[in-house]
Amino acid sequence: MAGSASSAAPKVAVLLGGPSAEREVSLSSGRECAKALRQAGYEVVEIDAGRDLPARLAEAAPDVVFNALHGRWGEDGCVQGLMDWLGYRYTHSGVLASALAMDKTRAKQAFRDAGLPVQDSLIADAAEVRARHVMPPPYVVKPNCEGSSVGVYIVHDGANSPPQLSDAMPARVMVETYAPGRELTVAVLGDRALAVTEIVTDGWYDYDAKYKPGGSRHVVPAEVPAEIAAACCDYALRAHVALGCQGLSRSDFRWDEGRGLDGLIILETNTQPGMTPTSLAPEQAAQNGMDFPALCAWIVEEALCRA
């Protein structure tokens, strides 16, 4: 069972690394969070989350687990279920919200039920997607249960041939109508939307643009009309609630400015936003006067206060 709280600074076990395709990003996030939590006065142990995770946690006996994992297993409800079973309090969202958000198809249905605008999509066999256009271009092909733009293919209008997906793609993939426009994102902390950021890149906001220094430029607050900024914040909060998220989440949007409010659609919600030097949620927190150690401390304290 989890270590018992005392008058001393809480002991935090930071989970990082893990087995997913986003391991390197998680290592970076976890190290940054561990450093910030030490600066905030917590006792911190870093754990590279592998098969020996239960034993490592038992040895560490933390008061709370800070989940800095990304991708499958760490972000899809699996490690959350393990924490529940072992009896540890942990940061970010629980099992159901994590599983829903990671499954893009089910998340979209939750968004539709909450009245949020989404793009049309379907699930298809990867072999069929390689063989023919399963919907009229332009469209996007991506794994249904991965994040951080892992394995994203854009098929442009007028493309003669279907995308040649790599062998690393899963057997079933999501095919989604391409959403033109500007890339916007909003982080939610508890019950508050922090800010609207516009992400400016030379091309698609892919893995390198997200995580490599200089890969993208973040404009915060985004230079958009007040109506659009308010709608982004409202949609992000409603998505957070619809999925049952806790702690920190971040929702991504596309806005076709020529269509006004009708051109704003929600793409997805991330229950484990990146916490690296180039990440978006820490920038939005700073915009609200909360530096990185304070943000990490808030996340820990919110988890400690849960029943």
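Me: Let's start small. Is Ser28 buried, partly exposed or exposed?

Reply: The idea is to compare a relative accessible area with two cut-offs: under 20% is buried, over 50% is exposed, and partly exposed lies in between. In this predicted model, Ser28 has a relative accessible area of 28%, so it counts as partly exposed. Ser28 belongs to helix α1. Its C-alpha atom is 8.2 Å from that of Leu16, a residue twelve places away along the chain.

Me: Now zoom out. How many helices and strands does the protein have?

Reply: Ten helices and twelve strands. For overall compactness, you set the radius of gyration against a rule based on length. Here the radius is 19 Å, close to the 19 Å that the globule rule gives for 307 residues, so the protein is as compact as a globular protein of that length. Along the principal axes, the C-alpha atoms fill a box of roughly 65 × 45 × 35 Å.

Me: What share of the residues is buried?

Reply: Of the 307 residues, 53% are buried. You can also ask how far apart in sequence the contacting residues are. Taking contacts between residues at least 6 apart, 70% join residues at least 24 apart. As for the outside, about 13100 Å² is exposed, and carbon and sulfur atoms supply 51% of that.

Me: Which residues have the most contacts inside the largest nonpolar core?

Reply: Look for buried nonpolar residues joined through their side chains. The largest such core has 27 residues, and Leu37, Phe66 and Met275 have the most contacts inside it. The elements giving two or more residues to this core are β1, α1, β3, β8, α9 and α10. Of these, α10 gives the most, with eight residues. Apart from this core lies another, of 26 residues, including Ala222, Ile228, Leu243 and Leu264.

Me: Which residues is Leu37 in contact with, leaving aside its neighbours within four places in sequence?

Reply: Val12, Val14, Tyr42, Val44, Phe66, Cys296, Ala297 and Val300.

Me: And helices: which residues of α4 are buried?

Reply: First the general idea. An α-helix has 3.6 residues a turn, so residues three or four places apart point the same way. In α4, which runs over residues 95–102, the buried ones are Ala97, Ser98, Leu100, Ala101 and Met102. Their cover includes α3, α5, α8 and β12.

Me: Last one: how far apart are the mean positions of the positive and negative charges?

Reply: You average the places of each kind of charge and compare the two points. With 27 positive and 39 negative charges, the mean positions are 3 Å apart.

Technical notes:
Residues are numbered from 1 along each chain as its sequence is written. This is a predicted model: local features need pLDDT of at least 70, side-chain atom pairs count only at pLDDT 80 or more; totals for chains, interfaces and linings use all residues. Side-chain values use heavy atoms; hydrogens and water are left out. Helices (H or I, at least four residues) and strands (E, at least two) are DSSP runs, numbered from the N terminus. The radius of gyration is taken over C-alpha atoms; the globule rule is 2.2 Å times the number of residues to the power 0.38. Buried means under 20% relative accessible area, exposed over 50%, partly exposed in between (1.4 Å probe, protein chains only). Contact means heavy atoms within 4.5 Å. Accessible areas come from the Shrake-Rupley method with a 1.4 Å probe; for residues, only the protein chains shown count as cover. Lys and Arg count as positive and Asp and Glu as negative; His and the chain ends are not counted. The place of a charge is taken as NZ of Lys, CZ of Arg, CG of Asp or CD of Glu. A nonpolar core is a set of buried Ala, Val, Leu, Ile, Met, Phe, Trp, Tyr and Cys residues joined through side-chain atoms within 4.5 Å.
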